[in-house]
Amino acid sequence: MSEAARVYQHFREIFGDTRPRPGRARGRVREASGSEPFTPGRDPKPLGDAIDGLTTQLGWTAPLSQHEVLASWAEVAGEEIAKHSEAIAIENGVLQVRCESTAWATQLRLMRTELVTRILDRTPQAEVETIRFQGPDAPTWKRGPRSVPGRGPRDTYG
């Protein structure tokens with residue numbers, strides 16, 4: 001028995017519940033609350049295990065895994081692909097990736113199954129089913145100096 005346990009037992013004998021108190025039932029047995037020192041199950045747990053238990057209990061594993069996929073896109077896709085694309089969001093099992101050109105979007109569409117397999121191997125809790133690759137945002141002709149009333153810039157014969 002450790003010295004701390006012996007000191008605890010000694011103090012419990014001196015100051016503990018050895019004398020009956022008035023107003024309490026003498027035959028009542030004190031229930032073990034689990035908060036007694038030096039009892040089994042009282043050892044400290046690692047912080048990582050506590051956080052994993054909390055995220056599982058609150059149902060945060062999927063959103064955290066999805067954020068991990070977004071944050072580690074360069075590692076999942078590779079450095080060269082990450083230079084020309086950016087993971088934007090995951091909605092309803094679809095990872096949305098914006099590419100810097102339509103050529104890159106087309107090339108990555110051909111690699112879709114390989115990238116989805118990498119994501120599922122790395123973080124299966126992210127629930128990514130497919131990837132949607134989109135090219136850069138095209139300019140709009142609805143407002144600005146090149147806007148014309150009617151059908152727009154393609155109405156050249158009217």
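Visitor: Is R122 buried, exposed or partly exposed?
Guide: In this predicted model, R122 is partly exposed, at a relative accessible area of 40%.

Visitor: What does R122 form a salt bridge with?
Guide: With E75; the closest N and O atoms are 2.5 Å apart.

Visitor: Where do the two sit in the chain?
Guide: E75 is in helix α4 (residues 73-77) and R122 is in helix α7, 47 residues apart, so the pair links distant parts of the chain.

Visitor: And E75, buried or exposed?
Guide: E75 counts as exposed, with 56% relative accessibility.

Visitor: How many salt bridges are there?
Guide: The count is three. Another one joins R118 and E114, again with closest N and O atoms 2.5 Å apart. Both lie in helix α7, four residues apart, about one turn of the helix. R118 is partly exposed at 31%, and E114 is partly exposed at 39%.

Visitor: What about E80?
Guide: E80 meets K83 in a salt bridge, 3.8 Å from N to O. They are three residues apart in helix α5 (residues 79-84), so about one helical turn separates them.

Visitor: Switching to the sheet. What is the strand order?
Guide: The order is β1-β2-β3, in an open sheet with mixed pairing. The edge strands are β1 (85-91) and β3 (130-134).

Visitor: In which sense do β2 and β3 pair?
Guide: β2 (residues 94-99) and β3 are parallel, over five bridges. Q96 stands opposite R132 in β3.

Visitor: Which strands does helix α7 lie across?
Guide: Helix α7 (residues 112-122) lies across β2 and β3, at about 130° to β3. Helix α3 (residues 61-71) lies across β1 and β2, at about 165° to β1.

Notes:
Residues are numbered from 1 along each chain as its sequence is written. This is a predicted model: local features need pLDDT of at least 70, side-chain atom pairs count only at pLDDT 80 or more; totals for chains, interfaces and linings use all residues. Side-chain values use heavy atoms; hydrogens and water are left out. Two strands pair if DSSP finds at least two bridges between them. Contact means heavy atoms within 4.5 Å. Axes are lines fitted to C-alpha atoms, for helices over the stretch in contact, and angles run from 0 to 180 degrees between N-to-C directions. A salt bridge is a side-chain nitrogen of Lys or Arg within 4 Å of a carboxyl oxygen of Asp or Glu. Buried means under 20% relative accessible area, exposed over 50%, partly exposed in between (1.4 Å probe, protein chains only).
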